[in-house]
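Q: I'd like a close look at a single part of this model. Could you walk me through how one helix sits against its neighbours?

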Amino acid sequence: MVQSINRSRPPEEVAQQLSLSRLIADQQKAISTGQRVDRPSDDPQAWLEISTLARFQSNEAAWTSNVGRAETRATQAEASLTAITDGLIRARELLIQASTGTTTAQDREGLALELDGILNDFNDVLAQRDNFGGPLFGDGPPIRIPIGEERYVIAAPNLAQVTQGIDIGGGNVSTLQQIIVDMADAIRNGTDADRTAQFSSASGAIDHITGLLTKQGVARNSLEATKEQLGESRLALAERRSQLEDVDATEAITRLQTLLTSLEAAQAVYGRVSQRTLLDYLG
């Protein structure tokens, strides 16, 4: 019985061509997609690092989004607290005007009405919602926004921090609303002594809101610094991932040409072997 010629062909030559063909296909895919590592088997160590980098990038993208949201809330809160401070300064000016000996009852009523309007403005400011639909100054605990690994920021105080526990002197505290109501009542119905007594409350309220504005400044600075850090980290992570994952086009094309040349050479050798006759094998 005559043995098949195919069974006599050197198997390593066939295997070499198949291996070269797979490498060429992988190289062509890498060039077309721009990715050197597409699956774990391409480079296990690089794949592991890329996976870790991808997780970091995803986390930092979420933190960056949170920083943007926090900045928006912090800006709104700062503007609102500034408006309240301006209103309190105006309220103290009205109190001063009402305390002069030349004001009439009619004058004082006009000043008190302006104070009523300031209180209405405060209520409107405190009831406003942020750009995301929630209350800017909520009733619950202050919102802690995550901006990093175990890092949080409070972008705006809650309602109680703004309106309650205001030191009015003498070991006493009051609320923002009650302070304005008492000032208006002292202007309308009180004596000069009553109106003078309200200056301590007005100053306490101004100091209280100014203190909150200082905290807003600290929060804004923290957010700005965090945004800078995240931006620098984003660039560093992207650069490292690109080094691991992306294809060097010039190198890849050179490698492809080398593989093609090697395959052509292997096919030529195989072609010469396949042209040998049966007598060559039997000889």
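Is the crossing of helix 5 and helix 6 left-handed or right-handed?

A: Happy to take a look with you, keeping in mind that this is a predicted model. Helix 5 and helix 6 make a left-handed crossing. On the helix 5 side, the contact is formed by I179, D182, M183, A186 and I187; helix 6 contributes D194, R195, Q198, S201, A202 and A205. Sorted by character, the residues of this contact are six nonpolar, two polar and three charged.

Now the geometry. Helix 6 covers residues 192–245, and the axes of helix 5 and helix 6 lie 9 Å apart, at an angle of about 155 degrees. Angles over 145 degrees count as roughly antiparallel, and therefore helix 5 is roughly antiparallel to helix 6.

Helix 5, which spans residues 176–189, has another partner in helix 2, residues 44–98. Here the axes come within 10 Å and cross at roughly 20 degrees. Since the cut-off for roughly parallel is an angle under 35 degrees, helix 2 and helix 5 are therefore roughly parallel to each other. The crossing of helix 2 with helix 5 is left-handed. Helix 2 brings I84, L88, A91, R92, L94, L95 and A98 to this contact, while helix 5 offers L176, I180, M183 and I187. The residues of the contact comprise ten nonpolar, no polar and one charged. If you are following individual side chains, M183 and I187 are listed in the contact with helix 2 and also in the contact with helix 6.

To place this part in its setting, the protein chain contains eight helices and four strands, arranged along the sequence as α-α-α-β-β-α-β-β-α-α-α-α. Of its 283 residues, 31% count as buried. Among contacts with a separation of 6 or more, 74% are between residues 24 or more positions apart.

One more spot may interest you for its backbone geometry. Strand 1 (144–148) and strand 2 (151–154) run antiparallel and are joined by four bridges, with R144 paired to I154 of strand 2. Two residues lie between the strands of this hairpin, and E150, found in that loop, has a positive phi of about 60 degrees although it is not a glycine. Most residues other than glycine have a negative phi. The relative accessibility of E150 is 72%, so E150 counts as exposed.

How values were computed: Residues numbered from 1 in each chain as written. Predicted model: local features only at pLDDT ≥ 70, side-chain atom pairs only at ≥ 80, totals over all residues. Heavy atoms only, no water. Axes fitted to C-alpha atoms, helices over the stretch in contact; angles between N-to-C directions. Parallel < 35°, antiparallel > 145°, perpendicular 65-115°, else oblique. Left-handed = near helix turned anticlockwise from the far one by under 90°. Contact = heavy atoms within 4.5 Å. Nonpolar A, V, L, I, M, F, W, Y, C, P; charged D, E, K, R; others polar. Buried < 20%, exposed > 50% of the residue type's maximum accessible area, 1.4 Å probe, protein only. Pairing = 2+ DSSP bridges.
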